[in-house]
Amino acid sequence: MIRKRIIGFGSMVMFLVSLPIMLVSMPSMANDDLMRAEAWFNKIRTISADFVQVASDGTTAEGKLAFSRPSRMKITYGKGDELQLITSSVWLHVDRPDERLLTSYPISETPLSLILADKVSLRPDGYETRVLPTSAGIVRIQIGKDDGEGAGRLTLEFSEKPFQFRRWIVLDSAGIETSVTLQNIVYDQPIANEVFRLPEYSDGN
């Protein structure tokens, strides 16, 4: 059931809202890939896609993603009746329609702030980042911290031909790795503002 799958992803949601993103400078050999990744995000205006989410604890989920740069993203799990993540320039809103509950976190404190910025930079001051060695045709950029507050890793994965974002992988402090792979991707087609509208729940639910 969808609820069972969503509960399994609680650690991923908590990682998203608890990991501040900070990086350090990279060796020159990695700069080209970082610059290509930054340029790709800064060029793209919208993304619509299906996604498949798989975690190392065996849980899985599917859904849809809508992304309108610079700051609006909506991640809908299943039919959207149990969990949606909606962003603005300031907030990450976690919407649970079945409970009529909306919880908000500062977007600046989440990894999503990396790609939702007006000008994407993968090299602000702070945590370690590196370009990982992979098989031909794939570029992987890893950002993370081994211990302490906000420990975990975020990996952004790009295909080479064409060069485009295809997957992200989160490793949280509990050791659970969750990958989200985009499928049926459509770029730069208009997305209505209504898609990102927040629900209005009364105080009494």
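Me: Before we start, what counts as a salt bridge?

Reply: A salt bridge is a side-chain nitrogen of Lys or Arg within 4 Å of a carboxyl oxygen of Asp or Glu. Keep in mind that this is a predicted model.

Me: Thanks! What makes Arg197 and Glu194 a salt bridge?

Reply: Their side chains meet at 2.8 Å, N to O. The cut-off is 4 Å, so the pair qualifies.

Me: Why is Arg197 called exposed?

Reply: Arg197 has a relative accessible area of 53%. Exposed means over 50%, so the word fits.

Me: And why is Arg36 called partly exposed, while its partner Asp33 is called buried?

Reply: Buried means under 20% and exposed over 50%. Asp33, at 17%, is therefore buried, and Arg36, at 31%, falls in between. These two also form a salt bridge, with the closest N and O atoms 2.9 Å apart. They sit three residues apart in helix α3, about one helical turn.

Me: How do you know that Lys74 has no salt bridge?

Reply: The nearest side chain of opposite charge, Asp95, is 6.9 Å away. A salt bridge needs 4 Å or less, so Asp95 does not count as a partner. Lys74 is buried all the same.

Me: What makes the pairing of Lys74 with Gln84 a polar contact?

Reply: Their side chains come to 3.4 Å, and the cut-off is 3.5 Å, so the distance fits. The Lys74 side chain also reaches the backbone oxygen of Val195 at 3.1 Å.

How values were computed:
Residues are numbered from 1 along each chain as its sequence is written. This is a predicted model: local features need pLDDT of at least 70, side-chain atom pairs count only at pLDDT 80 or more; totals for chains, interfaces and linings use all residues. Side-chain values use heavy atoms; hydrogens and water are left out. Buried means under 20% relative accessible area, exposed over 50%, partly exposed in between (1.4 Å probe, protein chains only). Lys and Arg count as positive and Asp and Glu as negative; His and the chain ends are not counted. A polar contact is a pair of N or O atoms within 3.5 Å; within protein, one must be able to donate a hydrogen and the other to accept it, and residues adjacent in sequence count only if both atoms are side-chain atoms. Helices (H or I, at least four residues) and strands (E, at least two) are DSSP runs, numbered from the N terminus.
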